[in-house]
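I am opening a notebook page on this structure and will put down what I look up, step by step.

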Amino acid sequence: MRKYLIALLSLFVPISFAQNADDIDIKYEKFILDNGLTLIVHEDHKVPIVAVNVWYHVGSKNEKEGKTGFAHLFEHLMFNGSENFDDDYFQALERVGATDLNGTTNQDRTNYFQNVPTSAVDLALWMESDRMGHLLGAVTQEKLDEQRGVVQNEKRQGENQPYSLAYEMITHNTYPKGHPYSWTVIGSM
């Protein structure tokens, strides 16, 4: 009886409660720096935190068939330090109060994000810019091997999930061979 009552009540809820995406207006400022970097700033002074989110227009679509998984591997390597800060980014940012801190990679982009107290925004922006421009000198064979192992373990963990092969099969069969989306982001071993 209760299930039917809920179903009947849902019939009477007007659809007008749904908000149209065109009605949403988030105020922001957009700057394009001399080096081509696009900066989008939205201010909301409700809490004393800053959300920093850096997107690179690089993903698995930029790889070649048979040599895949590099965008995801570099996502991991960029957490292992730079020429000017050769240490773990997670620990350094967590020490200053960062939360919700991580990175992701998909077919089209790689991004890094963290929420930091306003007092740490300079540090977060410096660390982002430093790893953007000074990664190469900090990559060692040891770090490369470690992160390669981490990514391979992520791949194995994903393959051990129910229906995991479905995603790979859908990816390979949705796009023609050689198309930049015809391989998975995690790549091949």
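Which two strands form a hairpin, and how many residues lie between them? I looked this up in the predicted model and found that β4 and β5 make the hairpin, with four residues between them. The two run antiparallel and are joined by five bridges, and I noted Thr104 standing opposite Asn111 of β5.

Next I followed the sheet outwards from the hairpin. It is an open sheet of three strands in the order β3-β5-β4, with antiparallel pairing. Because β3 (49–56) and β4 (99–105) each have a single partner strand, they stand at the edges, and one side of each is left without a neighbour in the sheet. On average, and ignoring direction, neighbouring strands here are turned by 10 degrees against each other. For the pairing of β3 with β5 (residues 110–117), which is antiparallel, I count eight bridges, and in it Val52 stands opposite Gln114.

Two helices pack on this sheet, and I took them in turn. Helix α2 (residues 70–77) touches β4 and β5, its direction making about 155 degrees with that of β4. Helix α4 (residues 121–133) touches β3 and β5, and its direction makes about 10 degrees with that of β3.

Is α2 largely enclosed or largely open? Six of its eight residues are buried, so α2 is largely enclosed by the rest of the structure. The buried ones are Ala71, His72, Leu73, Glu75, His76 and Leu77, and they pack against β4, β5 and α5.

I then turned to the nonpolar interior. The largest nonpolar core has 18 residues, and Leu93 and Met127 have the most contacts inside it. The elements giving two or more residues to this core are β3, α3 (89–95), β5 and α4. Setting aside neighbours within four places in sequence, I find Met127 in contact with Phe85, Tyr89, Ala92 and Leu93.

A search for aromatic pairs over the whole structure gave five. In one of them, Tyr56 and Tyr112 have ring centres 5.9 Å apart and planes at 85 degrees; an angle over 60 degrees counts as edge-to-face, so that is how I entered the pair. This pair links distant parts of the chain, with Tyr56 in strand β3 and Tyr112 in strand β5, 56 residues apart, and both residues are buried. Another pair is Phe79 with Phe90, whose centres are 4.4 Å apart and whose planes are at 25 degrees, so I entered it as stacked. Phe79 lies in the loop between α2 and α3, while Phe90 is in helix α3, eleven residues apart. Phe79 counts as buried at 5% relative accessibility, whereas Phe90, at 24%, counts as partly exposed. Ring pairs link these four residues, Tyr56, Phe79, Phe90 and Tyr112, into a cluster.

What does Lys155 touch, not counting residues up to four places away in sequence? Lys155 is in helix α5 (residues 141–159) and is buried, with a relative accessible area of 9%; the residues that Lys155 touches are Glu168, Ile186, Gly187, Ser188 and Met189.

Last, I checked the confidence. The chain averages a pLDDT of 90, with 90% of the residues scoring at least 70. Among the elements, β5 has the highest mean pLDDT (97) and helix α1 (residues 2–11) the lowest (45). Over residues 1–12 the pLDDT is below 50, and beyond near neighbours in sequence this stretch has zero contacts in the model.

Note on methods:
Residues are numbered from 1 along each chain as its sequence is written. This is a predicted model: local features need pLDDT of at least 70, side-chain atom pairs count only at pLDDT 80 or more; totals for chains, interfaces and linings use all residues. Side-chain values use heavy atoms; hydrogens and water are left out. Two strands pair if DSSP finds at least two bridges between them. Axes are lines fitted to C-alpha atoms, for helices over the stretch in contact, and angles run from 0 to 180 degrees between N-to-C directions. Contact means heavy atoms within 4.5 Å. A nonpolar core is a set of buried Ala, Val, Leu, Ile, Met, Phe, Trp, Tyr and Cys residues joined through side-chain atoms within 4.5 Å. Buried means under 20% relative accessible area, exposed over 50%, partly exposed in between (1.4 Å probe, protein chains only). pLDDT is the predictor's confidence in each residue, from 0 to 100. Rings of Phe, Tyr and Trp (its six-membered ring) pair if their centres lie within 6.5 Å; planes under 30 degrees apart count as stacked, over 60 as edge-to-face and the rest as tilted.
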